[in-house]
Amino acid sequence: MTTPANDTITMFGAEWCRDCRRTKAQLDGLGIEYSYVDLETDPSAADVAKDISGRTNIPVVLYPDASHQVEPSNADVESKLRELSLI
């Protein structure tokens with residue numbers, strides 16, 4: 001099953017977060033389109049991220065299949081993107 005590339009990946013993060021910067025750089029480097037929710041400019045979105053993950057850790061990456069990852073490693077993200085046929 002191939003997921004269309006226009007399905008949205010949403011990443012909740014903050015610039016001060018090293019893992020967020022790493023995951024963002026990985027998605028950018030792979031040319032993956034995604035929506036970035038900056039929790040510094042939109043603090044209320046932290047509640048949304050917590051509702052999704054059940055945790056306060058970031059980044060939270062929400063995928064088109066409604067699954068999510070919290071503080072994923074680069075390998076975790078790459079594996080999920082392959083599973084969704086996005087890379």
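**Helix faces, strand pairing and local backbone features**

In the predicted model, the buried residues of α3 are Val77, Lys80 and Leu81. Viewed along the axis of α3, these buried residues fall within an arc of 100°, so they line one face of the helix. Such a pattern rests on helix geometry: an α-helix has 3.6 residues a turn, so residues three or four places apart point the same way. The other side of α3 bears Ala75, Arg82 and Glu83, which are exposed. The cover over the buried residues of α3 includes α1 and β4. Helix α3 spans residues 74-83, and just after this helix Ser85 adopts a positive phi of about 60°. That value is found here in a residue other than glycine. Ser85 belongs to the segment after α3 and is partly exposed, its relative accessible area being 36%.

Helix α2 (45-53) also has a buried side. Its buried residues are Ala45, Ala49 and Ser53. They cover an arc of only 70° around the axis, which places them on the same side of α2. The face of α2 turned away from this buried side carries the exposed residues Asp47 and Asp51. The buried residues of α2 pack against four strands, namely β1 (10-13), β2, β3 (60-62) and β4 (68-70).

Ser53 illustrates this packing at the level of a single residue. Ser53 lies in helix α2 and has a relative accessible area of 14%; because this is under the 20% cut-off, Ser53 counts as buried. When neighbours within four places in sequence are set aside, Ser53 is in contact with Val60, His68 and Val70. Val60 falls within the range of β3 (60-62), while His68 and Val70 fall within that of β4 (68-70). Helix α2 is followed by Gly54, whose phi is positive, near 75°.

On the other flank of α2, Ser44 lies in the loop that runs from β2 (35-38) to α2. With a relative accessible area of 49%, Ser44 is partly exposed; the value is under the 50% that an exposed residue must exceed. The C-alpha atom of Ser44 is separated by 20 Å from that of Lys24, the two residues being 20 apart along the chain.

The strands β1 and β2 pair in the parallel sense over four bridges. Within this pairing, Phe12 has Val37 of β2 as its bridge partner. Between these strands the chain passes through helix α1 (residues 18-30), and the resulting β-α-β crossover from β1 to β2 is right-handed.

The cysteines were examined next. No disulfides are found in a search of the whole structure. Cys17 is buried, with a relative accessible area of 7%, and Cys20 is likewise buried, with a relative accessible area of 1%. Cys20 falls within the residue range of α1 (18-30).

Two loops contain further backbone features. In the loop between α2 and β3, where Pro59 is found, a cis peptide bond joins Ile58 and Pro59, with omega at about 5°. In the loop between β3 and β4, Ala66 has a phi near 75°, a positive value in a residue other than glycine. At 62% relative accessibility, Ala66 counts as exposed, since the value lies over the 50% cut-off.

The confidence of the prediction was considered last. The protein chain averages a pLDDT of 92, and 92% of the residues score at least 70. Over residues 1-6, however, the pLDDT is below 50. This stretch has seven contacts in the model beyond near neighbours in sequence. Where pLDDT is low, the predicted coordinates should not be read in detail.

Key:
Residues are numbered from 1 along each chain as its sequence is written. This is a predicted model: local features need pLDDT of at least 70, side-chain atom pairs count only at pLDDT 80 or more; totals for chains, interfaces and linings use all residues. Side-chain values use heavy atoms; hydrogens and water are left out. Buried means under 20% relative accessible area, exposed over 50%, partly exposed in between (1.4 Å probe, protein chains only). The arc is that of the directions from the helix axis to the C-beta atoms. Contact means heavy atoms within 4.5 Å. A disulfide is a pair of cysteine sulfur atoms within 2.5 Å. Two strands pair if DSSP finds at least two bridges between them. A crossover is right-handed if, with the strands pointing away from the viewer, the path from the first strand over the helix to the second runs clockwise. pLDDT is the predictor's confidence in each residue, from 0 to 100.
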